[in-house]
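Got your viewer open? Let's take a short walk through this one, picking a selection at each stop and looking at what turns up.

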Amino acid sequence: MTTGATVLSLRGATKRFGGLVAVNDMDFDVTEHEVLGLIGPNGSGKSTTLNLISGALKPTEGTISLRGTPISHLSAADIARRGIARTFQLVRLLPSMTVLENVRAGAVFGHRRRWGAEADAHALRMLSLVGLDRRANAHVGELTYIDTKRVELARVLASEPKVLLLDEWLAGLNPTELEEGIALIKRLRDEGRTIILVEHVMDAIRSLCDRCVVMSTGTKIAEGTPEQVLSDPEVIRAYLGDDDA
Amino acid sequence: MSLTKRDWQSITLSAVLLAVAACLPLTGDAYMLSIGITIAMYAVLATSWALFSGPTHYISLATAAFFGLGTYTTAIGIENGLNYWVTLPIAAILGAVLAALVGLATLRLSGVYFVIFTLGLAELVRQVVTWGQNVSGQKGLYVLTDITEVHIYWQLLVLAGIVYLTGWAIGRSRLGFALRIIGDDEEVARHSGINTSRAKILLFMVSGATAAVVGSMLAPRYIYIEPALAFTPMLSFLVVIMALLGGTGRLWGPLVGVIPFTLLWEAISASFPNQTTLLLGLSFLVIVYLLPRGFVGLIESSKRKLREREAFA
Ligand SMILES: Nc1ncnc2c1ncn2[C@@H]1O[C@H](COP(=O)(O)OP(=O)(O)OP(=O)(O)O)[C@@H](O)[C@H]1O
Ligand SMILES: [Mg+2]
């Protein structure tokens, strides 16, 4: 599935926080309909890379392009409108609103903009896609943890993004929920969506990703199929810690 | 967009209430009329303040700056031969422009900077006007028109009607929805594709323009205006207190705070004219501690309790 057109590309993307280089000279491409795993140990710069792509942070150096057009100088709102949507590592919902209203936010202001009854109908469709249509009128405070993650995913899907960024969407789920979660993302994958998946769960990486980019202390140390990178000695060393230390 | 039966009910009810309020001058009681003007003035100011501050949670203390700007626009306009009615739209435009400038400068910053900046703004504008008058050698300005108290009262009621319609329309619009999202989580708002600065600035402009027009409408009442009167910080604080007392969660919330507070304040400032600032601070504390969501919150939580009790019965 990696022969399609390039949708997103990073060239020399770098983010410095004072003296700390959180993301160092990252280069990679994401092609259409591809699920790219972005993996690496804690603190290796995965979320920061997503933040650079979504416009939450501006890169210190380098460019990020969507279908060949640079987007790294744009605001997060403009980037969202151009079709890059994300979930957050710590789920962010709109606490004063119902489940349906949360999802409507994506339908009304995202890449493809809807309003009125059309937005509601679309939001409901997204809720049934994530299996939550029966809780449409619930308050988000009443939801279980996995259901809050479902709402956030539905909100993101409602904007009909070209690229979906999922930051550890499967983290913190119990084994049953994890199975459901993996099945849900598999469904998105089968629909042909383009996804960057930041993940620690190895089973999920193996079964969902076409390709993986591995980061360690801000730098890309490997790229390839899940089998290739997970058997790469340098990757194993990065995950297990340096033996020489 | 179609209107539901409930929409028509609220519109009819509001129109009837406005019509009843418009009959107040028929009583012929000058004191009642004067209180009516004060209530109408604070109702418009607090409602338009809450249009912006309710959803965004940004506390603006700039009401006096916009109000004074409107008052001076009308005073200077009339002195230079402009028709009174022409000065109202000019004040609205100037108020909106000032709000846009303040918004561009501050709304990207966090809420705390915004509060301090808006408080400073009213003071700054007052100092500039005072300085301008010193240079030109005047202390104040006379506003001589044939507009009577009754006219001012009716004008304010019309403005109140416009503000309610505007607020209602915004509440049903994309802009209103965007502001609720911003109030809940600005990061989510940005990542959903909302231009958060633009939404906040637009609403702040509506609020600023309205306060400026109120200042214009009140100018003929004062007859003689000077900076200390037109730009009094007390006005900004009173508007915030009344809006919070009523509650900013509903369009009609501020009005529920304005009516009792104006009456109470009338009595307080008559009995303790020298302790008003102290009492203002006290009422602020009492409201924030005892009624954090205002009367609106109180009404809604008692409604909910009632429903729950019925459900169990
Ligand atoms: N806003 C910030 N300011 C300063 N340092 C930051 C900021 N955001 C991230 N960092 C630092 O950048 C490094 C990379 O963090 P990042 O959150 O991208 O890691 P991660 O790969 O997502 O880790 P995890 O798997 O724990 O989520 C860390 O050392 C972190 O402390
Ligand atoms: Mg992370």
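How many salt bridges are there between chain B and chain A? The count is 2. Keep in mind as you click around that this is a predicted model.

**Stop 1: where the chains meet**

To see one of those salt bridges, select D185(B) and R92(A): their side chains pair up, with 2.9 Å from N to O. Now widen the selection to the whole contact between the chains. You should pick up 18 residues of chain B and 24 residues of chain A. The size of an interface is often given as the accessible area lost when the parts come together. Here the area buried between chain B and chain A is about 2,000 Å², and carbon and sulfur atoms give 63% of it. Next, colour R174(B), F177(B) and H191(B), which supply 35% of the area that chain B buries against chain A, more than any other three residues.

**Stop 2: two helices in chain B**

Hide chain A and show helix 2 (residues 30-56) and helix 11 (residues 233-246) of chain B. Two packed helices are described by the angle between their axes and the distance between the axes. For this pair, the angle is about 75° and the axes are 9 Å apart, so helix 2 and helix 11 of chain B are roughly perpendicular to each other.

Turn on side chains to see who meets whom. Helix 2 of chain B brings M41(B), Y42(B), L45(B), A46(B) and W49(B). From helix 11 of chain B come L235(B), L238(B), V239(B), V240(B), M242(B), A243(B) and L244(B). Sorted by type, the residues of this contact are 12 nonpolar, no polar and no charged.

**Stop 3: F28(A)**

Bring chain A back and select F28(A), in strand 2 (residues 20-31) of chain A. Is F28(A) buried or exposed? Its relative accessibility is 3%, so F28(A) counts as buried. Setting aside residues up to four places away in sequence, F28(A) touches ten-odd places you can light up, among them L8(A), L10(A), L36(A), L38(A), I196(A) and V213(A).

**Stop 4: L50(A)**

Last, jump to L50(A), in helix 1 (residues 46-54) of chain A. With 0% relative accessibility, L50(A) counts as buried too. Beyond its neighbours within four places in sequence, L50(A) is in contact with residues including R86(A), L166(A), D167(A) and V198(A). Another of its contacts is L165(A): draw a distance between the two C-alpha atoms and you'll get 7.0 Å, although L50(A) and L165(A) are 115 residues apart along the chain.

Technical notes
Residues numbered from 1 in each chain as written. Chains lettered and ligands numbered in written order. Predicted model: local features only at pLDDT ≥ 70, side-chain atom pairs only at ≥ 80, totals over all residues. Heavy atoms only, no water. Axes fitted to C-alpha atoms, helices over the stretch in contact; angles between N-to-C directions. Helix = DSSP H or I, 4+ residues; strand = E, 2+ residues; numbered from the N terminus. Parallel < 35°, antiparallel > 145°, perpendicular 65-115°, else oblique. Contact = heavy atoms within 4.5 Å. Nonpolar A, V, L, I, M, F, W, Y, C, P; charged D, E, K, R; others polar. Buried < 20%, exposed > 50% of the residue type's maximum accessible area, 1.4 Å probe, protein only. Buried area = accessible area lost by both parts, 1.4 Å probe. Salt bridge = Lys/Arg side-chain N within 4 Å of Asp/Glu carboxyl O.
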